[in-house]
Every structure is written in C-alpha cells, then in structure tokens.
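Welcome, and please load the model in your viewer. We will go from one selection to the next and look at what is there.

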Amino acid sequence: MISLIIGGSGSGKSAFAEDTLLSRSGSQRIYIATMQPMDQECLARIERHRVMRAQKSFQTIECYTHLHELRIADALDSLHLSENYRNPCHDRMRYDILLECISNLVANECFAPQGSPNKAVQAVVDGVHHLAEQAAQLVLVSSAVFSDGIAYDASTKAYMRCLAQVHARLAYFADEVIEMAAGYPLYYKRPQGPRKKEGAGCGGSGVC
C-alpha cells in the first residue's frame, strides 16, 4: 500500500501520516527524514522529533538527496551495527516506511550544488519507486505550497513547477491520495485493485 498525503503547514498531515502507518504496520518502522539541518535550532528540533518517533518504534534514516541510492538494509546496519557484523535478516525484510517530506526532497534536488530543476522530478520519482520496492507499506508526506498568492522569484517558481509534477506522478502511482485540511482527510483516490504503473496521461508524463 502506497499513500500520498499532502497538506499545508499545520494541516495535521504529519500526525495523520504517522497514525496511518501505525494502523497498518508491523515492527520494522522506518522514518526517512529529508530536511537538511541548517542551524543548531534545526538540529535540536530534529533530535527532539527523532526521540519522539523512537517511542513509536520508528528508526530514523536521514536522506537529503539521491533517494534512488538508498538501501534500507545497509542504512540500518550502518546505524546499529559494527562494520564487522551484518544482520542477514535485513536483506530479506520489507519495511513499513514513512517519508517526510517530498517537498523538502524536491528542494534539495533542485538547489543542491550538483542539483538541477531539470533533473529533480525524475530523481525524486525514481527514488520513490526504488523505495517502494523495499516497502511493505509506504506513506509519503508532502506540502501544499501553491495557494498563498505570493509573487515568487524565478528559481522558486521553477521549484514549485517541479513539485507539482512530482505530486502528479506520485499520485498516479500511489494507491491512495489524501489532502489534509484542519486535521481532516479528504480522499481523492482510494485503493482499487492492482497499483497502476506510469503510462500515458497527466500522471505518466508529469505534465498537466
């Protein structure tokens, strides 16, 4: 099951995403954090959230770019085990994964030193497909940043176009798509048989 949950700041999307995964998942809960720490305040907030998630049996993996290269088994081994020992069970597991958030991941791919808006969309979509192959359950969180009416500079507009394309392509791929508002979920898509693969149309092309 792949769920895409989109909402504005303070919409309740993060809490809903956690509750969604906890209601479905087993014991191998993975939280993939994509926000790069920029200062000490940010580091402290990240650590506080890490501790809170650990109380819910989440193991946190930081991944800012190149999601398509992330291998959960290797990341867990590097977090918990010495270099001379590897847990063979990790190679056979499928994990219950919460990724937060797609909007940060797109920004990182757009504005990283080697990044580019021209490459960001495919990089993120490929990364999510790669992650889905390792997941029993996958919940994706992203931010709605398209309706505040502010005039942006060219680079920000390019980022927003990338994010919109990523949302369209992930929505096509996901089993369910949910928008959060004031703590309430609005379901745009619910599971209906086997998951589609990308193809023709808006979702397949990423162009609307």
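## First stop: the salt bridges

Select Lys56, which is partly exposed with a relative accessible area of 34% (buried means under 20%, exposed over 50% and partly exposed in between, with a 1.4 Å probe and protein chains only). Now add Glu18: this residue forms a salt bridge with Lys56, and the closest N and O atoms are 2.6 Å apart. A salt bridge here is a side-chain nitrogen of Lys or Arg within 4 Å of a carboxyl oxygen of Asp or Glu. Glu18 lies in helix 1 and Lys56 in the loop between helix 2 and strand 3 (58-62), so the pair ties together parts that are 38 residues apart in sequence. Glu18 itself is buried, with a relative accessible area of 13%.

Before going on, a word on what you are viewing: this is a predicted model, in which local features need pLDDT of at least 70 and side-chain atom pairs count only at pLDDT 80 or more, while totals for chains, interfaces and linings use all residues. Residues are numbered from 1 along each chain as its sequence is written, and side-chain values use heavy atoms, with hydrogens and water left out.

How many salt bridges does a search of the whole structure find? The search finds three. For another, select Arg24 and Glu176, whose closest N and O atoms are 2.4 Å apart in a salt bridge. Arg24 lies in helix 1 and Glu176 in strand 6 (residues 176-181), so this pair ties together parts that are 152 residues apart in sequence. Arg24 is partly exposed at 28% relative accessibility, whereas Glu176 is buried at 6%.

Then move to Asp74 and Arg71, whose side chains meet in a salt bridge of 3.0 Å, N to O. Asp74 is partly exposed at 35%, and Arg71 is partly exposed at 36%.

## Zoom out: the whole chain

Colour by secondary structure, and you will see seven helices and seven strands. Helices (H or I, at least four residues) and strands (E, at least two) are DSSP runs, numbered from the N terminus. Followed from that end, the elements run β-α-β-α-β-α-β-α-α-β-α-β-β-α. The chain has 208 residues, and 42% of them are buried. Among the contacts (heavy atoms within 4.5 Å) with a separation of 6 or more, 71% join residues 24 or more positions apart.

## Next selection: helix 4

Select residues 102-111, which are helix 4. Seven of its ten residues are buried, so helix 4 is largely enclosed by the rest of the structure. Show these side chains: Ile102, Ser103, Leu105, Val106, Asn108, Glu109 and Cys110. They pack against strand 4 (95-100), helix 5 (117-132), strand 5 and helix 6 (154-173).

Stay with Glu109 for a moment. Which side chain of opposite charge is nearest to Glu109? Lys119 is, at 9.2 Å, and Glu109 is buried yet has no salt bridge. (Lys and Arg count as positive and Asp and Glu as negative; His and the chain ends are not counted.) Leaving aside neighbours within four places in sequence, the contacts of Glu109 include Thr65, His66, Leu67, Gly115 and Ser116.

Cys110 leads to another selection, Cys162. The sulfur of Cys162 is 3.9 Å from that of Cys110, its closest cysteine sulfur, too far for a bond. Cys162 is buried, with a relative accessible area of 5%. Across the whole structure, a search finds zero disulfides (pairs of cysteine sulfur atoms within 2.5 Å).

## A side step: strand 4

Tyr95 lies in strand 4 and, at 1% relative accessibility, counts as buried. Select Ser27 as well: the C-alpha atoms of Tyr95 and Ser27 are separated by 8.7 Å, although the two are 68 residues apart along the chain.

## Last stop: the largest pocket

Select Ser14, Tyr31, His49, Arg53 and Glu100, the residues nearest the centre of the largest pocket, out of 22 that line it. (On a 1 Å grid over the protein atoms alone, a cavity is a set of points where a 1.4 Å probe fits but cannot get out, and a pocket is an open set with protein on both sides within 12 Å along at least five of seven lines; lining residues have an atom within 4 Å of a point.) The volume of this pocket is about 560 Å³, counted as the space filled by probe spheres set on the points, with grid points joined across faces, edges and corners.

Which helix gives the most to the lining? Helix 2 does, with five residues. Helix 1 (13-24), strand 2 (29-33), helix 2 (40-54), helix 4 and strand 5 (135-143) each supply at least two residues.
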